[in-house]
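Student: I would like to learn how to read a few features of a structure, one after another. Could we go through them together?

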Amino acid sequence: MDNYYLLAAPLAVFLYALYIKRPAIPRNRLPPIVHIPPEEIFSRPREAYGEALAKYGPVIGVRRKGNLEFIVNQEHARHVLTCDRLFSFEQGSAAIMNLQPIMALTQGSLFRDLNDFVREGIVNRIDEIVHRIWPLFQRDGKEFVDLAAEGLKTSNYPSCFNHFHNTIAETTVILLLGQDHVNEENLLVIEDVANGMAELTGQYQNFSIIGKYLPILWILYTWVKVMLITIPFGFLRVYGPKVWRDINRYEDMVRSGKLSPKDEPAPVLYLIVKTYLPPDGRRISAPRRLYIAVLLLCLIFAAVHTTTVVSQWVLCQLAMRPEYLAPLREELANVLEEDETGALRLTARSLREARLMDSFIREVMRLKGDTISAMRFTTCDVPLGNVIIPKGSFVTAMSTTVHENPDVFGEQPREFNGFQWAETGKEAIMTGPAHIVFGLGRFACPGRVLAVNEIKLIVMCLIARSTPTLLEGKFEVADPLNTVTQPPKGTLIFQPLEKPYL
Ligand code: HEM
């Protein structure tokens with residue numbers, strides 16, 4: 001063979017690979033990889049993971065939906081969720097929600113931007129927002145109890161989930177885009193988008209055989225369906241032209257320099273335009289406008305679905321525990337305020353003062369059985385206790401071990417004590433090492449203030465007018481692996497009060 005030099009290039013690549021190869025983690029330092037059969041993971045995750053953690057130690061590796069995930073118990077949960085340098089929120093969340101292509105296109109800024117816009121555009125204005133959205137909840141609460149009364153006569157009970165999914169969809173459109181985007185067709189598209197994004201991010205994956213056992217095929221299918229059909233032919237077709245015109249209008253407003261802060265338009269879209277307006281007088285570019293559409297889609301998904309789901313958990317628990325109704329109604333009567341016409345209403349202050357309701361919501365969230373929710377991704381080989389988790393691994397905290405930790409919650413950690421948080425002053429929005437429903441750390445859910453206020457509005461508007469019960473006195477957990485975005489399965493029935501509070 002004359003052409004020895006042809007071997008030089010592959011040899012050089014091989015030697016370079018050897019040179020940069022990381023030293024391997026000794027086998028005895030890797031976390032134990034535990035085989036849990038998929039049926040166990042999908043049907044009884046809390047027990048299956050819980051038993052494996054108890055048997056093999058605080059960090060285990062388990063394969064699920066084609067990925068190897070490292071699960072940690074309460075000992076390491078805080079470190080994993082808060083140390084973003086070692087455990088990346090952005091990479092973990094993008095991967096678990098099948099959003100890597102969007103992250104790649106946005107150079108990783110997606111979650112930070114979402115966080116900033118929610119904080120600035122929603123959380124900082126929560127009092128004014130509650131004032132603006134109250135009439136919607138008042139209207140829909142009344143409408144729903146009237147429908148429920150009709151349902152009692154025919155045994156055709158209206159869906160509480162669907163009704164308030166619409167209310168939250170409408171609220172979200174108003175907050176993000178403004179009142180003039182609200183009409184029936186637009187709201188239907190928001191529902192579709194929220195459901196489509198839920199599909200895209202794997203929320204229904206556990207219900208599908210393909211989703212469970214051929215996850216790649218499922219991801220491909222949902223991407224094509226949502227990204228090529230629902231979003232372009234739904235969201236972009238219906239909202240696109242008007243949002244485009246709104247962006248132009250808002251650009252002109254910002255440039256005119258004539259608006260005082262109090263006259264600025266309230267929608268979050270205005271804030272986004274203000275942030276991205278090029279300083280050199282050009283219009284916001286088309287790719288940037290597309291990115292704005294992505295931000296809006298993510299916010300719609302984050303804001304609509306989960307909040308409605310949690311409101312249903314709260315109502316189901318309340319229906320199962322009627323002894324909580326009297327003190328909650330007494331509190332409701334105390335916190336109602338009168339508006340300028342003398343009509344009773346709930347304000348941001350009323351909601352803040354509704355401590356028993358707040359505590360009840362926190363307790364429902366703690367005990368609803370979340371298993372795997374907040375995901376992280378290791379940025380290097382990370383020592384954790386006696387083991388080392390390799391770089392590039394998914395790591396998540398097992399929420400049940402955190403929320404039912406006997407060291408924190410005593411001998412009976414699963415005992416429901418709905419008003420305990422009112423005594424300790426821990427509000428439903430407060431995250432902590434023993435409360436990770438909204439995640440933890442720098443990336444903990446920025447929308448939780450809005451979410452808890454909306455849940456209170458739904459529940460308080462309903463119990464002010466009716467008593468919730470459950471058909472056959474029970475509900476079931478629809479998807480035990482996903483209690484965050486799947487409502488409980490059960491039929492809520494509402495018996496109107498003779499003397500409503502509102
Ligand atoms: C009860 C309702 C909600 C629950 C249970 C919930 C839960 C969560 C969780 C667990 C995370 C991940 C945090 C982590 O990994 O540490 C998250 C992130 C996020 N949530 Fe929520 N959320 C809710 C409502 C909302 C609402 C109403 C909004 C918007 C107004 C929102 C916006 C977001 C955003 C933008 C992120 C990404 C985090 C970031 O960019 O920093 N969420 N949420």
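Student: Which strand does strand 2 join in the parallel sense, and by how many bridges?

Tutor: A word on the source comes before the answer: this is a predicted model, in which local features need pLDDT of at least 70 and side-chain atom pairs count only at pLDDT 80 or more, while totals for chains, interfaces and linings use all residues. Residues are numbered from 1 along each chain as its sequence is written, and side-chain values use heavy atoms, with hydrogens and water left out. Helices (H or I, at least four residues) and strands (E, at least two) are DSSP runs numbered from the N terminus, and two strands pair if DSSP finds at least two bridges between them. Here strand 2 is joined by 4 bridges to strand 9 (residues 394–398), and the two run parallel; glutamate 69 has phenylalanine 394 in strand 9 as its bridge partner.

Student: Which strand pairs with strand 2 in the antiparallel sense?

Tutor: Strand 1 (residues 59–64) pairs with strand 2 (residues 67–72) in that sense over 6 bridges, and valine 59 has valine 72 as its bridge partner. The two strands form a hairpin with 2 residues between them, and lysine 65 in the turn has a positive phi of about 45 degrees.

Student: What span would a straight helix of 42 residues have, and what does helix 12 span?

Tutor: The expected span is 1.5 Å times one less than the number of residues, which gives 62 Å for a straight helix of 42 residues, whereas helix 12 spans only 51 Å between its end C-alpha atoms. Helix 12 bends by about 50 degrees at leucine 236, the bend being the angle between axes fitted to the seven residues ending there and the seven starting there. Just after helix 12, glycine 257 takes a positive phi of about 65 degrees.

Student: Which residue forms a salt bridge with arginine 283?

Tutor: A salt bridge is a side-chain nitrogen of Lys or Arg within 4 Å of a carboxyl oxygen of Asp or Glu. Arginine 283 forms one with aspartate 252, the closest N and O atoms being 3.2 Å apart. This pair links distant parts of the chain, 31 residues apart, with arginine 283 in the loop between helix 13 (268–276) and helix 14 (286–320) and aspartate 252 in helix 12.

Student: Is arginine 283 buried or exposed?

Tutor: Buried means under 20% relative accessible area and exposed over 50%, with partly exposed in between (1.4 Å probe, protein chains only). Arginine 283 is partly exposed because its relative accessible area is 39%, and aspartate 252 also counts as partly exposed, at 42%.
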